[in-house]
Amino acid sequence: MTPIEFTMEKPEPRDQNEFTSHGQSSLAIPRAHTVLAVGSQETAVRGSHSGPPSRNYSCDLSYSTRYSEPPLFTASQTNVLNERRFSHSLPEIKQFCDIFNTQVVDSDSDSSTVQSVTSSTDFQPSWNRKLDFLFFCISHALGLGNIWRFPYFCYMSGGGSFFVAYLIVMLLCGIPMLRAELAIGQLTQNKMINAFGRLCPLTKGLGIAGMLASFWLTASYSVLFAWSLFYFFNSIFEVPRWSRCNNSWNSELCRTHSSITELTTKLLTVDQALMSGPNKTVSVGNDTEPEGKVGSSSIISSENNNSEMVSSLSGLHRSTEEFFNKKLMEVTNGLDNMGQVRWELFASILVCLILVYIAVRKSPFRLVRRRYKLVLVPLVLLLAFLIRVVVLDGSSSGLHYFFHPTVKGLVNPKVWLYAAVQTLHSFGLGIGTLMSTASQNKQHNDMIRDSRIIALVNLVVITLVGCVFFGAVGHVSYVWQTPIDNVLNYEPGSVFVLYSELLSTMPLPTLWAILFFIMMLCLALNSQEILMETIVYTLEEAYGSKIKLHCRGHEMFLCLLFGLSLAFSMPYITEGGIYYFKLMDHYLAVILVIIIATIELCTLSWLYGVKHLVANIRQMTGKMPSLYFIVCLYCAAPVLMLVIIIYYSIQDGGMPTQSYVYPTWSHILGGLFLGVSLSSLLILAVQAFRNASKANIFSRLNETVRPQLRTSPKQAWNVNPTIILTEVSNKSDIPLSSTGYPSEMSIMQDSSTRNTPAYSANSVPIFPAEVASRLLKDKPTTVTEHETSI
């Protein structure tokens, strides 16, 4: 490594206000002879020397943490140098950042203007540890996208057919897109809006559309938090209120899970007795009834016994279903009758937004440790539920329904559409969450390994949730003697109905219900927090100056966003809100997200180019991406997503419902929300085209799809960066080891002339702020620094 030599004059005394006004550090660099070298790349700036004798310094630098040149630290940034980037570095580096100010004076000019030769990449914190990033992504896998949305989509789409389609889409689209988003966030060190603005200015509107999709999800997820909180308070009873039929809202046809289980057992006993001999009167319990009468104790003729058994149960209602429809939502007959606002749910949403506001108003890194618990606790509870489900009667039929596809289901376009959307929600693709978290990684981080871990954890969580849910569905189907596909309605609340039905079968239902809904509250808060963090910090990164101008700071901007989220949540908590919930979820969480993801895939694959992305990954990690990744990203992933959208639009294009038919105006409303969310693509594309250099149309288009990324020499990606600052009389006096790096950390000062003690090689020196100025004013001092990671 060629050392950097620079000769500096002793600075003349200057007024401190002069530096403050220019925003520069107090270490002024007048005319200098400078040779900057990184590897074999050299740049020389020469100037004349005059004035007092100069002092000689030698500095050896190698960088691996940024995509371009070393960062610039000015006086205005010295108060925030305790950010995460230096949290595990030598403490004295924080005090010496001004020394590494890579500024030179243009000696060809007589002016004293300082020109910066650093990158324009903004300084931002990174993860403390590698596990912090991985647990953040794993906590997203254990969020509402998998715990609630996956069983909802899977049951609505046919069970095994959906699961097979999900695995295919995840293999061909999900994992390659996951790796690509990790690479883009890590490469650009920017979040979704600025990242696509640099990769392809023509599609910068993808970032705005992704933020809008995340915002619509925050409104629906706050409603799920409200449902969980309502269930939690109704579980704090000796017998949870949703598992009994003596409440004021229950009808005469209400039956609890235990009573239906007893009734089914009696019916099966009668059926077996009648099969042994005809025209017999069988005693069940304490009563004796003639055959043909159906009641709590029934004698069913051996002829048509199965149909009679089913008909005797078909008119009854589950207590959990009545609780959700008549107590929680007070469901009306359709969108035309929205009813009144459920003020209990409004208060719950308000609590949710306040808690998320408290979490998001600070840096997102403050709450990383909490996510370790959010990963372990849900896994333990899910394993406990799985053990309970396996021993229930009829659970095997539900598991068979989950793992065995049908040909009819595999050719259904809705199955493939919802499988693709579930893949995107499982990984957080297309809505900016993954790219936002990856932007905090160091640029030499191995995102190939990270993508494998995240994909494996998602697959395990999905399989575990599916086994728990469909095992419970099989048990309910056995108890109620109904087909599996008729156990639940195709509604968002059916997941809560089924989970509460499962809790009724536990040995201590109140205890397990409290634990489960506390888990659901934590997962809902975590999902809401991740989405809000993504929206807030992405918008502040892209439009920070405008936000400061119009919103007067970070906290006022948060209040505005949370107020809008509360306003858009209001229709969900009306008496007819369940219909509105499903309508908006179809257009904004399904159609909108898959369109954004498809355009994003086309941008990365064909506009930015797989060749460039592969080169970036190889440059950052030192590894060549596999042929599987290249082929999938180049053709398989974008083509499959386009085929799914076109196939769904031609064959079906409607919403999956069982009985209720949505009015025409509701589809117009959903299309309006969809069009507004995608309008940013057209607006920013036109703006990028207008801002291109004035020429013909083709040259302008070529400029709008050209990446706006800085390049750096390959030597800048070397690992184990080392910084050495030594004041010597000649180069031979630099205290380096045989490998070219310093063998120790030391400060050697003359104790007779200074009161500063000498430090040994085993101690870590901590300098006061004024030591930096002494290096240029006092007697010769030798300073050697060695840092293994910046």
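The paragraphs below lead through this predicted model, from its nonpolar core to a disulfide and then to a patch on its surface.

A good place to begin is the largest nonpolar core, which holds 185 residues, and in which Trp148, Phe162, Trp227, Phe469, Phe517 and Leu613 touch the most other members. The largest share of this core, 24 residues, is supplied by helix 22, the run that covers residues 577-621. To see what surrounds one of these core residues, the reader may turn to Phe162, which, once its neighbours within four places in sequence are left aside, is in contact with Phe150, Phe153, Cys154, Ser157, Val415, Tyr418, Ala419 and Gln422. Among these partners, Cys154 has a relative accessibility of 0%, and therefore counts as buried.

Helix 22 also carries Asp585. Because its relative accessibility is 6%, and buried means under 20%, Asp585 counts as buried. If neighbours within four places in sequence are again left aside, Asp585 is in contact with Trp148, Arg149, Tyr152, Phe153 and Val590. Two of these names have already appeared, since Trp148 is listed among the core residues that touch the most other members, while Phe153 is also a contact of Phe162.

The cysteines deserve a separate look. A disulfide is a covalent bond between the sulfur atoms of two cysteines. In this model the count comes to 1 disulfide, and the pair that forms it is Cys245 and Cys254, whose sulfur atoms lie 2.1 Å apart. The torsion about their S-S bond is about -70°, so this disulfide is left-handed. The two partners can also be described by how far they are covered: Cys245, with a relative accessible area of 23%, is partly exposed, whereas Cys254, at 5%, counts as buried. Another cysteine, Cys602, is buried as well, with a relative accessible area of 16%.

From here the path leads to the surface, where Val407, Val411, Trp606, Tyr634, Val639, Leu642, Val643, Ile646, Tyr647 and Ile650 make a nonpolar patch of about 970 Å². Helix 23, which covers residues 627-651, gives the largest share of this patch, namely 7 residues. Trp606, however, lies in helix 22, and with a relative accessible area of 43% this tryptophan is partly exposed. Helix 22 can thus be followed from one topic to the next, as the helix that gives the core its largest share, as the place of the buried Asp585, and as the helix in which Trp606 of the surface patch is found.

Methods
Residues numbered from 1 in each chain as written. Predicted model: local features only at pLDDT ≥ 70, side-chain atom pairs only at ≥ 80, totals over all residues. Heavy atoms only, no water. Core = buried A, V, L, I, M, F, W, Y, C linked by side-chain atoms within 4.5 Å. Buried < 20%, exposed > 50% of the residue type's maximum accessible area, 1.4 Å probe, protein only. Helix = DSSP H or I, 4+ residues; strand = E, 2+ residues; numbered from the N terminus. Contact = heavy atoms within 4.5 Å. Disulfide = S-S within 2.5 Å. Patch = residues over 30% accessible without salt bridge, like charges linked within 9 Å, V, L, I, M, F, W, Y side chains within 5 Å. Areas by Shrake-Rupley, 256 points an atom, 1.4 Å probe, with all protein chains shown as cover. Salt bridge = Lys/Arg side-chain N within 4 Å of Asp/Glu carboxyl O.
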